[in-house]
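Reader: Please take me slowly through one helix and what surrounds it. Then go on to the rest of the fold you can support.

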Amino acid sequence: MMKFRNVKSTFNKGVTIPSLIFIIGTCFISGVYPKSTEYILNIVKNFIFVNLNWVYVWSVTIFVIFLVYLMFSKYANIKLGSNDSKPEYSLFSWISMLFAAGMGIGLIYFSVAEPMQHYSSEVFADNHYINRAKQAQLYTFFHWGIHAWAIYGIVGLSLSYFAYRYRLPLSLRSCFYPLLKDKINGRWGNVIDIFALCCTFFGITTTLGFGVVQINSGLQVLGVIPENNFGYQIMIVVFLIALSVISATTGVNKGVKLLSNINVISVIVLLLFVLILGPTVYLIGSFTEGLGNYINNFFDLTFSTHVYEKNTLPWFYDWTILYWAWWISWSPYVGLFIARISKGRTIKEFILAVLILPTLFNFIWMSVFGNSAIWFDFNIAGGRLSELASNPDALMFRFLEYMPLSTISSAFVVLIIIIFFVTSADSGIFVMNSIATKNAAKSPKWQIAFWGMLLAVLSLLLLNVGGLKALQSMTLITALPFSIIILFFIVSLMKALIIDQKYYDRDFSASAIPWSGEFWKERLKRIVSFKDNSSVDHFIETTVKEGFLELQKEFAENGIEVKMNYGKNPTKIEIEIHHGLVNNFIYGIKNQKKTVSEYVMNEENLPDLDNSTTHYPKSYFGDGREGYDVQYFTKNELISDILKHYERFLEIISEEKNEMFISSNANQNKD
């Protein structure tokens, strides 16, 4: 007992304990009374879908419009981090990870099933084969396209911005800072994180439960196991969750990144296999026409509520509204994970990558698999695939039986589903632990294992007693309040971006004195000469240092303590004024290297340059603003420049609206 008490934990009790009580309580009720719970929750879900579906339609529409606006706005080049921050991951690894977390198992599960279900639906039964095929592709594009990724994009962008730009914790509560200020650290913040943790757990549990069933079905088709039963499902879950925990404990930079890269390569191989060996010409043509059809109908689809087409309303609730609710319910998990891997990207880069690239890949994927299945069903299978539309667990594998090398391709699909299962689970485990610990820097490995075990036990419990559907309904119900929360994210983010833009555009006061023209001959010599490393170091050690020391002495006489900081490689000196409640004021000069163009090197009417590299002294600031070349400054001009920035600093910290940028948290969390 004493050993248990001494176990180190980074859990935040205010978030973890209420979340676990709600998660375990909900799963227990769903497991003990699955039919009753499902019945009650379905009544609530149906009421929401029928009477409040417009909330989902308008919310998702606003998400899309807002992201497109940001992409072309003056805020597009703002970085998710300090102005000089760099991305942590290559573009390929970044796209791979956000893609694997965002769609995962569903991409395999629905790639044949959804187009086939639309194609064989009674809603489109009166249409000709060609029209039914077009409608199936159009609505599949709609449900897996820009709208889905816009939901993830809003949450991920808000989290990235407030975590890396404002240096707040990577937590949903941080997205409310402009509205709630320091209240995010209290009860309100805990409520938001509890909600996010429960949504994440429920979403992952239900998805992984259905993923296990499909893996079991695939192994049965391959003859690896004799039947689809609970005993085999236990073995599958234990094996895959163990892999997920191992992957999660190695961290995002290793396990999650590696598996995501493998996953993307694997699905591309499978995609090319079906494209090349399937009805290739038909697939390329149908994708092209389908993309045009989607673009032409984009606004009609976006705003459509089917209010004038009562016969299609049930289909609308069961597909479009269910999808919007499902994506929204998954957005805390996916958004947090996307934010975790997106530091250093610009807003434009983030939106382009999250909104466009995965959408385009989804369209290609759904076209190749869905249209191939429809083509086979009409031309070869004689409708036998349509008859399996209600059995999505086996439909992918039955479709592959009409392809060459069906056994090998089916085995490859099972492998991809397994990897998707692990990448979804390990990133989910990582995110849940992050929420439960308020983004603690490092957590003990037993905590990672704990979330994995909880996922395994509860998903198997619900799978065995038929409680997964009840939990799925619960997940979809939580999407309604969370859609409102995301709308507040937009308000908060917009408020912050306006302040951000004004902050970095803030110029010096009118009293700032420009260069007077004194010592112009000396300045001319500096302008037309190129500096080497040693000459810039000398400038910093003499002119800059003398000016800083003189200013430090004068500040001391005015009762202000100033610290001098020195650095090597590159040589740099900075002056720092410490504060308790606001950011420290920092003004520094460093030796900066740059490459000179070949044209300048060969120019005869300029001084000779020995090599293509030159150096210059560059200013930098504590708030991450871009510095500039100060090689022409005299000692007094440097002092004047520092005072201009200090005056600007005092003006900014005196204004209440800039609280987010002047929080003393930045003093403890420097990049």
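Author: Helices and strands here are DSSP runs, numbered from the N terminus: H or I over at least four residues for a helix, E over at least two for a strand. The model is predicted, so local features need pLDDT of at least 70 and side-chain atom pairs pLDDT 80 or more, while totals for chains, interfaces and linings use all residues. Residues are numbered from 1 along each chain as its sequence is written, and side-chain values use heavy atoms, without hydrogens or water.

Start with S160. It sits in helix α9, residues 146-165. S160 has a relative accessible area of 0%, so it is buried (under 20%; exposed is over 50%, partly exposed in between; 1.4 Å probe, protein chains only). Leave aside neighbours within four places in sequence. S160 then contacts L80, R165, A339, S342 and F350 (contact: heavy atoms within 4.5 Å).

One of those partners, A339, also belongs to the α16 side of a helix pair. Helix α16 covers residues 313-340, and α9 packs on it at about 35°, with the axes 7 Å apart. Axes are lines fitted to C-alpha atoms, for helices over the stretch in contact; angles run from 0 to 180 degrees between N-to-C directions. From α9 come H147, A148, W149, I151, Y152, V155, G156, L159, S160 and Y164. From α16 come W324, W327, I328, W330, S331, P332, V334, G335, L336, I338, A339 and R340. By class, this contact has 16 nonpolar, five polar and one charged residues. Nonpolar means Ala, Val, Leu, Ile, Met, Phe, Trp, Tyr, Cys and Pro; charged means Asp, Glu, Lys and Arg; the others, Gly among them, are polar.

Next, the loops beside these two helices. R167 lies between α9 and α10 (177-180). Its phi is positive, about 60°, although R167 is not a glycine. At 21% relative accessibility, R167 counts as partly exposed. H306 lies in the loop between α15 (298-303) and α16. H306 also is not a glycine, and its phi is positive, about 55°. At 9% relative accessibility, H306 counts as buried. Most residues other than glycine have a negative phi, and most peptide bonds are trans.

A peptide bond brings us to the sheet. N569 and P570 are joined in cis, with omega about 0°. P570 lies in the loop between β1 (563-567) and β2 (572-577). Four strands make an open, antiparallel sheet in the order β1-β2-β3-β4. Two strands pair if DSSP finds at least two bridges between them. At the edges are β1 and β4 (613-621), each pairing on one side only. From one strand to the next, the twist averages 20°. Strand β3, residues 585-595, pairs with β4 over nine bridges. Q592 has Y616 of β4 as its bridge partner.

Two helices lie across these strands. Helix α24, residues 533-557, crosses β1, β2, β3 and β4, and runs at about 170° to β3. Helix α26 lies across β2, β3 and β4, at about 125° to β3. The buried residues of α26 are E637, L638, I639, D641, I642, K644, H645, Y646, R648, F649 and I652.
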